[in-house]
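Thanks, everyone, for making the time. I would like to walk through one structure this morning, so please have a look at it before I start.

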Amino acid sequence: MKMEGEAVDNKQVIFKGFIDRIPRETDMELKIGKIELKAPKGSGAFLVKNLYLSCDPYMRGRMRENYDSYIPPFLPGQAMQGFGVSRVVDSDDPDFKPGDLVSGLTGWEEFSLMRKHGQLRRIQQDDIPLSYHVGLLGMSGFTAYAGFFEVCSPKIGENVFVSAASGAVGQLVGQLAKLHGCYVVGSAGTSQKVDILKNKLGFDQAFNYKEEPDLNAALKRCFPEGIDIYFDNVGGDMLEAALLNMRIHARIAVCGMVSSNSLSDSKGINNLFSLIPKRITMQGFLQSDYLHLYPRFFEHVVSNFKQGKIVYIEDMSEGLESAPAAFAGLFSGKNVGKQVICVARE
């Protein structure tokens, strides 16, 4: 074991430069830096060892230059950042001591210097896997909860459609909807994922959108009486088809647009006229607007998880060196479930 204060190697995933397309593995590179295993005195910071890192589609937005968004871009030549689960090694913050487990924004590296921020949470260890604190109990899970209950305002018996339904967010939206007494259909991009939706996650129906020549017809088949709630993770053609199948006073929660190749030169959406005769509400949202509900979410999901009423599927990549390929793979649907990087197990 290295002595505190001694400089050690710190493997990092570096962001190479701005892009305006789907991310590739080569947009990132592995480098070895040096770091002292000590939080600088008077800094109010604490040094952590990163255990698990979350791969999330929103991070693509941080790879763009000069854009107006809710989170600043990555810095070329610096380590990528994302949500992670970390263990405190040394601390200059009286609220955190060595050995504490935390989840929050951290660097894509072995060790990071952290300061308190709005979404930093202390983890009480129990029988829930630590990695679930960036998935089921992290931003992904809370996005599903806030989007479904606060944006979609579901009623028992309503018809719910979820795209990218086996992903980090979609898999929980579907299960929350089933627990709420809704009829739930999901779309995914492989037959393996469709099988998971129906047989592991409890969706009523699921289809592989790549095997459907006509998405409008596919939705009419699954929802002969129309859709009350569409939880949209993809935008594009699927959103256009859903707009033709919504019921009166339907709600669309716009969570992501992972189908678009370029975020700055995106195409318009057809069928928006449907909003008028059907009186559809279509709303974009960020989970960070609802953080006051996090304790209620945590209790709801943990209770159902411990009773076996919620399951959560992860796609775990081993080692920091696997991170660039795992992140790029999100945009071609390589992941099955929530994509997580295991940097270290303890």
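Within strand β15, Gln339 is the bridge partner of Asp315, and this belongs to a parallel pairing of β15 with strand β14, residues 314-318, that runs over five bridges. Strands here are DSSP runs of E with at least two residues, helices are runs of H or I with at least four, both numbered from the N terminus, and two strands pair if DSSP finds at least two bridges between them. Before going further, I should say that this is a predicted model, in which local features need pLDDT of at least 70 and side-chain atom pairs count only at pLDDT 80 or more, while totals for chains, interfaces and linings use all residues. Residues are numbered from 1 along each chain as its sequence is written, and side-chain values use heavy atoms, with hydrogens and water left out.

Strand β15 also pairs with strand β3, residues 46-54, this time in the antiparallel sense and over three bridges, and there Val340 of β15 is the bridge partner of Ser54. How much of β15, residues 338-342, is buried? Five of its five residues are, where buried means under 20% relative accessible area, exposed over 50%, and partly exposed in between, with a 1.4 Å probe and protein chains only. In a regular strand the side chains alternate between the two faces of the sheet. In β15, Lys338, Val340 and Cys342 point one way and Gln339 and Ile341 the other way, all of them buried.

Let me turn to the interior. The largest nonpolar core, meaning a set of buried Ala, Val, Leu, Ile, Met, Phe, Trp, Tyr and Cys residues joined through side-chain atoms within 4.5 Å, has 44 residues, and those with the most contacts inside it are Leu136, Phe148, Val160, Val162 and Phe231. Among the elements that each supply at least two residues of this core are α1 (139-151), β8 (159-162), β11 (227-232) and α6 (294-306), and α1 gives the most, with seven residues. The core draws at least three residues from each of domain 1 (7-135 + 313-342) and domain 2 (139-289), with bounds that come from an automatic or database domain assignment. A second, separate core of 34 residues includes Ile19, Ile71, Met139 and Ile341.

Helix α5, residues 236-243, is largely enclosed by the rest of the structure, because six of its eight residues are buried, namely Met238, Leu239, Glu240, Ala241, Ala242 and Leu243.

Next, the empty space. A search of the whole structure finds one cavity of 30 Å³ or more; on a 1 Å grid over the protein atoms alone, a cavity is a set of points where a 1.4 Å probe fits but cannot get out, and lining residues have an atom within 4 Å of a point. The largest cavity has a volume of about 50 Å³, a volume being the space filled by probe spheres set on the points, which are joined across faces, edges and corners. Its lining includes Phe83, Gln119, Arg121, His133 and Met139, and β4 (81-91) and β5 (101-107) each supply at least two residues of that lining.

One of these lining residues deserves a closer look. Gln119 sits in the loop between β6 and β7 (121-122), and it counts as buried because its relative accessibility is 17%. The C-alpha atoms of Gln119 and Leu105 are separated by 7.5 Å, although these residues are 14 residues apart along the chain.

Conventions. On a 1 Å grid over the protein atoms alone, a cavity is a set of points where a 1.4 Å probe fits but cannot get out, and a pocket is an open set with protein on both sides within 12 Å along at least five of seven lines; lining residues have an atom within 4 Å of a point.
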